[in-house]
Structures are given as C-alpha cells and as structure tokens.
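Got the viewer open? Let's walk through this one stop by stop, selecting as we go.

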Amino acid sequence: MTITTGAPPPTHNLPVALARGFLTGGVVGTSLAALVVGGIVENAPLFVTGLVLPVVYGLLWSLAGMPRRAREAAVVPRTALAMIESREAVEGETSEVPVRFELTVVPDDGPAYRVEITQDINLVDLADYRPRGVVVVQYPPDRPWRVRIVKRPTPEWEDRAASAQLDSVPGAATVAAPPQGCAFGFVVLLGLLLGVAAVLLAFRADLIDRDDTAKSPSAARPSVSSTSSTTIVSSASGTVALGPGQSFLDKGELDRALGSLTKAGDTRDTRQALTVVVQERLLSVVFSPAGTQTPGFDPRALPYGGFPALVEEATTTLGVRSPQTWQITADRLTGSLVIRVVVTGAESTASLEADGQGKVVRRAPAR
C-alpha cells in the first residue's frame, strides 16, 4: 500500500475555548470564595450559592453543548485501517484497562498520519492488540486526532484488516489537538482571580467587622501565618494557602494543613465538616453549623494518601489534553461520602468520583 505522509490540518475555535476557560475560572473562583466567605461571616445564602453555582454552571454548560454534540453525532465518522506502533497499559482496578496507543492511521482518501490515543480495552482482549498489528478505526472528519479503535468491525473491514500490510509514517506526521499555549491558562487564572475579587469586594464590610470581632480577647485566634503557608480559621470554616513551590499533593502536606485547622484542645477538633475542597495550593474546610443535623463527616478520616493517585489518574487517563487545573471536593450531600476530582484542560473537562476509601467508582471522560 502506498502511503502519503502529511497530516490534515486540525480545526479549532480559539476564541470560544478562551471564553469557556474564562467562565470556568470565574465560576471556580466565585464558588470557592463564596464558600469560604459565607462560612466566615456566617452568611447562609452566600454559602449555599457557593455550593449551587458549580452545579448550575455544569448544567448550563451541558445544555449549551447539546446542539454541538447533536451536530457531531450527525457527522458520519470516517473508517480507516491503522497499524499499532506501540501500546502501554495504564494501571486500572477493573477488567477494562486504559491502554495508551500510538497508531499510524491510513485513510483511503487522504494522507496517513500518526496519533496517540487512550482507550479502555478488556484484559481478555488485550492480546489481540499487538504492536505491528492492523486494526479498524473511526474518527470525525474534522477532528482526526479523536481516533477510536472499532472493537467489532464489519466483516468487510475485518477482512481488509486481516490482509493489509501497512508501513509506518514518520513521527513528524503526528496529529494532535491544537495546543493552547499559555493563553488558556492565563484566561482561566484571570477568571478565577476576578471571581474571588468580586466576592471579597461585595462582602468586604462583613469581613472587616468579623476581623475586628476576632481581635477581641474572647474571640478565637483568627489566623496563623508563616513563611511557607497562611492559615485562616473561624468558627465556621478554615483555609490553608501554601507558598510558592509547594503543593498539597506533596507527601504529608495535607495532614499538616489539616492539623493546623483542628488543633488539639480547640473545640473544632471534634466538629464535622460539611465540605472539603483541595486545590494545588489551597485547602478549604467548611464545618457543619453547630446544633444542626447537616450531613457532615470527620475531615481527618479522608484518604489523603490516595489523593495524588486520584489526581494522576484524572489527568492522564480521562482524555484531557494539556491539563491546566484540578480540584478535589469531598462532601456527603448525597448521603454517602463522595470524593470528586475535576480536571480542566485546554479544551475539555473530565472528572471521576471515589468513595470514602479512595476507590474510584465512576469516571466521566472528556468529550
């Protein structure tokens, strides 16, 4: 078979991607600031807004994307033969194992190209996907990097794959989703900062009054700062912000931060948490209001040691290209303890859910 190298140019709407990144950053910043400020000033409507805003935004995002998904579903995918250049199984806990493939795709009516994909393959069928083997794939005509291996091709394509002999193409012909560079990360950060600033400015008077009250001898010590982190504790919430070069995925960092929020001898050491939010350098704990029957949990019982593995799995196996931000949220709003990891990339968002022991129970790959 004659192969012409060179990949078809991918399409991408940069302004739309930047706008989505800005809105996502704004919602994340606003919701986190609303949770923290609402807990500090004991403003229940503001606190509820911080919980509801991400849910509403996710619903609106899904509804707004329905026409696009309908158009994409109406496009007839192209079918082609591909040769497996290499494969690498990613560790999994179920019979479906994520496998990272590097393929040479050979369309009938276009140039051949390389592409890297990750697809779940059953352990029983893994031996059928050997390097140099030929498989049948499908992909959208306008997004050639979204290749999926057809596990049960038609008899015609199965016969073609069985008799085909394909050659490799150079690595320079690799097709991937267009990189966003630093522009996407900048607009996400800008949206996050503006969202936080909007909440802080709107409730600055309440925060100042709360700070003046906290300075009285009878009030609890409101803050403890150091050169490496800043801790803010009130009767309703607590936050820890790490300094530059640090991360809450570092070994023991979360345990130390939580210890600073629940010091021995403080009445907060026996209180239940309503929600725990972890980002790269920010930990926020909102405590259940005293005397209420809210679905709280002991924040010290969370499987913090497994958080790095959850973030690693979310950023590498769910199809998010160029991950920009991640966030872990733990709560019992649905009855049982749920740990959610949300990863935002250059053009998509994915998430997974784990139980109270850190075992993954649900995945939502990037679309």
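A contact here means heavy atoms within 4.5 Å. With that in hand, take in the whole chain: among contacts between residues at least 6 apart in sequence, 62% join residues at least 24 apart. Keep in mind that this is a predicted model.

**The overview.** Show everything as a cartoon and you should find 8 helices and 14 strands. The protein has 367 residues, and 40% of them count as buried. Switch on the surface: the accessible area comes to about 19,200 Å², with 58% of that belonging to carbon and sulfur atoms.

**Helix 2 and its greasy side.** Now select Val48, Val52, Val56, Leu59, Leu60, Leu63 and Met66. Together they make a nonpolar patch on the surface, with about 610 Å² of accessible area. Which helix gives the most to the nonpolar patch? That's helix 2, residues 44-64, which puts in 6 residues. Met66 sits in helix 3, residues 66-74. Its relative accessible area is 47%, so Met66 is partly exposed, given that the partly exposed class runs between 20% and 50%.

**Aromatic pairs.** Stay on helix 2, but change what you're looking for. Searching the whole structure turns up 4 aromatic pairs. One of them is Tyr57 with Trp61: the ring centres are 5.6 Å apart and the planes meet at 70 degrees, so this pair is edge-to-face. Both residues are in helix 2, 4 residues apart, or about one turn of the helix. Buried or exposed, where does Tyr57 fall? At 18% relative accessibility, Tyr57 counts as buried, while Trp61, at 30%, counts as partly exposed.

Next, select Tyr113 and Tyr139. Their ring centres lie 6.2 Å apart with the planes at 85 degrees, so this pair is edge-to-face too. Here the pair links distant parts of the chain: Tyr113 belongs to strand 3 (residues 113-122) and Tyr139 to strand 4 (residues 134-139), with the two positions 26 residues apart in numbering. Both Tyr113 and Tyr139 are buried.

**Last stop: helix 8.** Select residues 307-317 and colour the buried ones: Phe307, Leu310, Val311, Glu313, Ala314, Thr315 and Thr317. Glu313 is worth a click, as an acidic residue in that buried set. Then step past the end of the helix to Gly319, which follows helix 8 and has a positive phi, near 85 degrees.

Notes. Residues are numbered from 1 along each chain as its sequence is written. This is a predicted model: local features need pLDDT of at least 70, side-chain atom pairs count only at pLDDT 80 or more; totals for chains, interfaces and linings use all residues. Side-chain values use heavy atoms; hydrogens and water are left out. Buried means under 20% relative accessible area, exposed over 50%, partly exposed in between (1.4 Å probe, protein chains only). Accessible areas come from the Shrake-Rupley method with a 1.4 Å probe; for residues, only the protein chains shown count as cover. Patches are made of residues with over 30% relative accessible area and no salt bridge: like charges are joined within 9 Å, nonpolar side chains (Val, Leu, Ile, Met, Phe, Trp, Tyr) within 5 Å. A salt bridge is a side-chain nitrogen of Lys or Arg within 4 Å of a carboxyl oxygen of Asp or Glu. Rings of Phe, Tyr and Trp (its six-membered ring) pair if their centres lie within 6.5 Å; planes under 30 degrees apart count as stacked, over 60 as edge-to-face and the rest as tilted.
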